[in-house]
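Here is a quick tour of a protein model for you to follow on screen. Keep the sequence and the 3D view open as you read.

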Amino acid sequence: MENKMFCYQCQETARGQGCTIQGVCGKKPEVASMQDLLIYVTKGLSWLTSKLRASGKEISPDINHLVSVNLFTTITNANFDEQAIRERIKETLQVKAELLAKMSDLKNLPDAVSWQGTEDEFEAKARANEVGVLATEDEDIRSLRELVTYGLKGLSAYSKHANALLRDDPEVDAFIQRALAATLDNSLNVDDLVALTLETGKYGVQGMALLDAANTGAYGNPEITQVDIGVRDNPGILISGHDLKDLEQLLEQTQGTGIDVYTHSEMLPAQYYPAFKKYPNFAGNYGNAWWKQKEEFASFNGPILMTTNCIVPPADSYIDRLWTTGAAGYPGCRHIEGEYGSVKDFSGIIAQAKTCQPPEEIESGSIVGGFAHNQVFALADQIVEAVKSGAIKKFVVMAGCDGRMRSREYYTEFAEKLPKDTVILTAGCAKYRYNKLPLGDINGIPRVLDAGQCNDSYSLALIALKLQEIFGLADVNDLPIVYNIAWYEQKAVIVLLALLYLGVKNIHLGPTLPAFLSPNVAEVLIDQFGLSGITTVEDDLALFFA
């Protein structure tokens, strides 16, 4: 039977092989086809921008932003709105046509560059042999092309967040486009694509540094913070995702309205930034990781703003309260527009909030976070002394993503059974598996140090490099740090590639290795970098703490 779609970019892909009927995420085949076509025409646009740059022409930042948002739109759980994706394809084709007019040589162009179809042709083109993941017949070439593409999707997300704060890195943008164009080049062999994969990791580090500078420049360095996980008596708006600029504007516009603003899932780390603490209506964090949102959004009672990916197809009980903005989208939900540098109009969602009941309390107490690199560096002497005294024997990096699979209970059990002289370094929504466990502290240092969002894994890399410097070690892998990372989607892919570029080895990745790694490509990563999966809690603890 012919596949209705093919997608294997996330960890939960069907049967660990690929979604062919409908996405496990809820993505319909029609949406998957339009996402494939959007990537295809974006590769064509990137081929043109790369050629024009090579000939000395300048590329507008608007085009760079278009490429980043196109990629971000196709990240798992970001946008389920077929018409919104069609509009992005049309805009990309228009820009591509304008750049084609600037080319002096129009011979032997890749089809992704030359194709200029109308909207009536989109569906047929999306199903053509040259479009989509399976267009590349060689399994290993396909695997590496997709590995690079998924890394670029993650990098584009971080770039987009920095762009929202009016920070750009032309080198990162040029690389994203050059690497996308390279996936159209049939002359590149496995060795060439392996080198491109590591180069993607290099620019992943640069992109995360850009976003870190943008966030801390705008909102200050994260600091140790106790975050309330209960509720107040006022109506509220729940904001999820990663975009801090959206949060800032929402907080500004809700002042004096009687509406409280709560964070959810990956927006939790916003609580750690000093700039947001001046808002009296900035309440605590409500709920847990993204996959629990159906029950938690229902009990929140007020409207929810999704600023980025991690949308679960909403239940009827709250779909009229779900709003999207930026690259996020879902059919039937209201979308709030706004270009970089503009002030978005949140009056509609605020008006709805005023008609809603306060959120229902689902838990109480508080959790502690704010251990990004600057804060940890301030504690360096205390941490070094604890290591030298033997109070801290090992650090375990348990960053990454959470997900629905029952196998992810492994990470909670693993955290519970860690030796008491072990400290967890975390970032991303994987922390919800253990950030509310009573794990205690070591000489006043919490045993879970939360650096923030998935992009704040950059902090974990900087912390490791700082410890390497302090202890005078020649190799970062000589530190008492082990890596047991959970992954779900493409932002985790760029974090993995960044760590590999930095020379980190023996990373354990779970709950399963990516389906898009062919056996031969997986063997390269295992042989060169010591990448491996997870087994049982008992066996992995014995391995890590032998």
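Is asparagine 108 buried or exposed? Asparagine 108 is exposed, with a relative accessible area of 78%. One thing to keep in mind throughout: this is a predicted model.

## Two residues with a positive phi

Let's stay with asparagine 108 for a moment. You'll find this residue in the loop between α3 and α4 (111-114). Its phi is near 55°, a positive value in a residue other than glycine. As background, most residues other than glycine have a negative phi.

Cysteine 310 also has a positive phi, about 90°, although it is not a glycine. Look for this cysteine in the loop between β5 (304-306) and β6 (322-325). Is cysteine 310 buried or exposed? Its relative accessible area is 10% and the cut-off for buried is under 20%, so cysteine 310 counts as buried.

## The six-stranded sheet

Now to an open sheet of six strands, which runs in the order β4-β3-β2-β5-β6-β7 with parallel pairing. The edges are β4 (282-285) and β7 (334-336); each has a single partner strand, so one side of each is left without a neighbour in the sheet. On average, and ignoring direction, neighbouring strands here are turned by 30° against each other.

Within this sheet, strand β2 (residues 236-240) pairs with β5 in the parallel sense over three bridges, and leucine 238 sits opposite isoleucine 304 in β5. Two helices to look for are α9 and α11. Helix α9 (residues 244-253) lies across β2, β3 (260-263), β4, β5 and β6, at about 170° to β2. Helix α11 (residues 347-354) lies across β2, β5, β6 and β7, and runs at about 135° to β2.

## The five-stranded sheet

There is also an open sheet of five strands, in the order β13-β10-β9-β14-β15, and its pairing is parallel. Here β13 (448-450) and β15 (507-510) are at the edges with a single partner strand each, so one side of each has no neighbour in the sheet. The average turn between neighbouring strands is 20°, direction ignored. Strand β9 (residues 394-397) is joined to strand β10 (residues 422-426) by four bridges, and the two run parallel.

Helix α14 (residues 409-417) lies across β9, β10, β14 (481-486) and β15, at about 155° to β14. Helix α15 (residues 457-471) lies across β9, β10 and β14, running at about 170° to β14. Just past β15, check the backbone: a cis peptide bond joins glycine 510 and proline 511, with omega about 5°. Most peptide bonds are trans. Proline 511 is in the loop between β15 and α17 (519-529).

## What's inside

Which residues have the most contacts inside the largest nonpolar core? They are Leu247, Phe276, Phe395 and Ile507, in a core of 146 residues. Helix α8 (residues 190-219) supplies the largest share of this core, ten residues. A second, separate core has 18 residues, including Tyr410, Leu439, Ala486 and Phe544. In general, nonpolar side chains in soluble globular proteins tend to be buried together.

Phenylalanine 395 is worth a click. It stands opposite valine 423 in β10. Leaving out residues up to four places away in sequence, phenylalanine 395 touches Ile383, Val387, Val423, Leu425, Leu467, Pro480, Ile481 and Val482.

## A strand with two faces

Strand β1 (residues 225-228) has side chains that alternate: Thr225 and Val227 point to one face and are buried, while Gln226 and Asp228 point to the other and are not. This strand pairs with strand β8 (residues 366-369) in the antiparallel sense over four bridges. The bridge partner of glutamine 226 in β8 is valine 368.

## A helix pair

Finally, look at helix α2 (residues 61-73) and helix α3 (residues 82-100). They pack at an angle of about 150°, with their axes 11 Å apart, and α2 passes α3 in a left-handed crossing.

On the α2 side of the contact are Ile63, Leu66, Val69, Asn70 and Thr73, which meet Ile85, Arg88, Glu91, Thr92, Val95 and Leu99 in α3. By type, the residues of this contact divide into six nonpolar, three polar and two charged.

Definitions and conventions:
Residues are numbered from 1 along each chain as its sequence is written. This is a predicted model: local features need pLDDT of at least 70, side-chain atom pairs count only at pLDDT 80 or more; totals for chains, interfaces and linings use all residues. Side-chain values use heavy atoms; hydrogens and water are left out. A nonpolar core is a set of buried Ala, Val, Leu, Ile, Met, Phe, Trp, Tyr and Cys residues joined through side-chain atoms within 4.5 Å. Buried means under 20% relative accessible area, exposed over 50%, partly exposed in between (1.4 Å probe, protein chains only). Contact means heavy atoms within 4.5 Å. Axes are lines fitted to C-alpha atoms, for helices over the stretch in contact, and angles run from 0 to 180 degrees between N-to-C directions. A crossing is left-handed if the near helix is turned anticlockwise from the far one by less than a right angle, and right-handed if clockwise. Ala, Val, Leu, Ile, Met, Phe, Trp, Tyr, Cys and Pro count as nonpolar, Asp, Glu, Lys and Arg as charged, and the others, Gly among them, as polar. Two strands pair if DSSP finds at least two bridges between them.
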